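Hi everyone, thanks for coming. I'll walk you through one structure today, starting with a single residue and working outwards. Have a look at it first.

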Amino acid sequence: MDEKENIKERNEICSRTLKTGSRTYFFDARETRAGDYYLTITESKKSFSETGEVTYKKHKIYLYKEDFSKFQSILDDMIRFIINEKGREVISERHQKDFKNHTTYNQNQGQEAKESQKKTSEIKDFTNINFEDI
């Protein structure tokens with residue numbers, strides 16, 4: 001075994017993979033030169049070039065032990081916030097065939113409400129006419 005293989009083998013301690021649709025997440029515990037461990041999280045997203053060739057875009061985060069508790073605390077807070085605000089159900093066009101864009105829907109409802117109020121006020125104006133003045 002040459003030196004590069006030895007370093008690579010020592011560097012990769014433990015790995016887990018999460019596949020979700022067009023994305024794959026890799027969680028890798030690695031070893032520093034000093035013998036300590038750190039975490040890399042890699043997002044690999046499958047895409048297609050203009051020629052139809054499959055390509056992968058990768059983004060990597062290096063997370064060191066001194067940042068674990070702060071990172072975990074903020075991640076936990078953000079997950080709780082999102083779940084409390086929007087629930088656990090996934091809301092997205094890709095995940096739900098009957099998805100309606102709530103912004104557009106709410107804007108349309110708002111416009112309909114304004115038109116309804118206008119018609120109502122026109123009817124009220126009409127009912128307030130004093131027919132003796134005609």
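Let's begin with Ser-47. Setting aside its neighbours within four places in sequence, Ser-47 is in contact with Glu-53, Val-54, Thr-55 and Lys-57. You'll find Ser-47 in strand S3, which covers residues 37-48. Is Ser-47 buried or exposed? Its relative accessibility is 19%, so Ser-47 counts as buried, because the cut-off for buried is under 20%.

Before going on, one caution: this is a predicted model. Please keep that in mind for everything I say.

Now let's step back to the whole chain. The protein has three helices and four strands. Which order do they come in, from the N terminus on? They run α-β-β-β-β-α-α. Of the 134 residues, 10% count as buried. The protein exposes about 12300 Å², and carbon and sulfur atoms supply 51% of that area. Then there's the question of who touches whom along the chain. If you take the contacts with a separation of 6 or more, residues 24 or more positions apart account for 11% of them.

Back to strand S3, then, since Thr-42 lies there too. Thr-42 has 6% relative accessibility, so this residue counts as buried. What does Thr-42 touch, leaving aside neighbours within four places in sequence? There's Thr-24, Tyr-25 and Phe-26, and then Lys-58, His-59 and Lys-60. Try finding those six on your screen, one group at a time.

Next up, the aromatic rings. How many aromatic pairs does a search of the whole structure find? Two. Let me show you the pair made by Tyr-38 and Tyr-62: the ring centres are 6.3 Å apart and the planes are at 35 degrees, so the pair is tilted. To count as tilted, the angle has to be neither under 30 degrees, which would be stacked, nor over 60, which would be edge-to-face. This pair links distant parts of the chain, with Tyr-38 in strand S3 and Tyr-62 in strand S4, 24 residues apart. As for how covered they are, Tyr-38 counts as buried at 10% relative accessibility, whereas Tyr-62 is partly exposed, with a relative accessible area of 46%. And there's a third ring to look for: ring pairs link Tyr-38, Tyr-62 and Tyr-64 into a cluster.

Okay, on to pockets. Here's the general idea: rolling a probe the size of a water molecule over the atoms shows where empty space is left. In our protein, about 180 Å³ of space lies in the largest pocket. Which residues line the largest pocket? They are Leu-39, Ile-41, Ile-61, Leu-63, Phe-68, Phe-71, Gln-72 and Leu-75. Strand S3, strand S4 (54-64) and helix H2 (68-86) each supply at least two residues of that lining. The largest share, four residues, comes from H2. And what kinds of residues are they? Seven are nonpolar, one is polar and none is charged.

Last stop: the two strands we haven't visited yet. Strand S1 covers residues 12-20, and Thr-20 lies in it. Thr-20 is partly exposed, with a relative accessible area of 36%. From C-alpha to C-alpha, Thr-20 and Lys-45 are 9.7 Å apart in space, and they're 25 residues apart in sequence.

Glu-12 lies in strand S1 as well. Glu-12 is partly exposed, at 37% relative accessible area. What is Glu-12 in contact with, leaving aside neighbours within four places in sequence? Ala-29 and Arg-30. Glu-12 also sits 6.9 Å from Asp-28, C-alpha to C-alpha, with their positions 16 residues apart in sequence.

Finally, Arg-23 lies in strand S2, residues 23-31. With a relative accessible area of 26%, Arg-23 is partly exposed. Remember Lys-45 from a moment ago? The C-alpha atoms of Arg-23 and Lys-45 are separated by 4.5 Å, though the two are 22 residues apart along the chain. Lys-45 is also one of the contacts of Arg-23 outside its neighbours within four places, along with Leu-18, Glu-43 and Ser-44.

That's my tour. Which part shall we look at again?

Conventions
Residues numbered from 1 in each chain as written. Predicted model: local features only at pLDDT ≥ 70, side-chain atom pairs only at ≥ 80, totals over all residues. Heavy atoms only, no water. Buried < 20%, exposed > 50% of the residue type's maximum accessible area, 1.4 Å probe, protein only. Contact = heavy atoms within 4.5 Å. Areas by Shrake-Rupley, 256 points an atom, 1.4 Å probe, with all protein chains shown as cover. 1 Å grid on protein atoms, 1.4 Å probe; cavity = no way out; pocket = protein on both sides within 12 Å on 5 of 7 lines; lining within 4 Å. Points joined across faces, edges and corners; volume = space filled by probe spheres on them. Nonpolar A, V, L, I, M, F, W, Y, C, P; charged D, E, K, R; others polar. Phe/Tyr/Trp six-rings, centres within 6.5 Å; stacked < 30°, edge-to-face > 60°.
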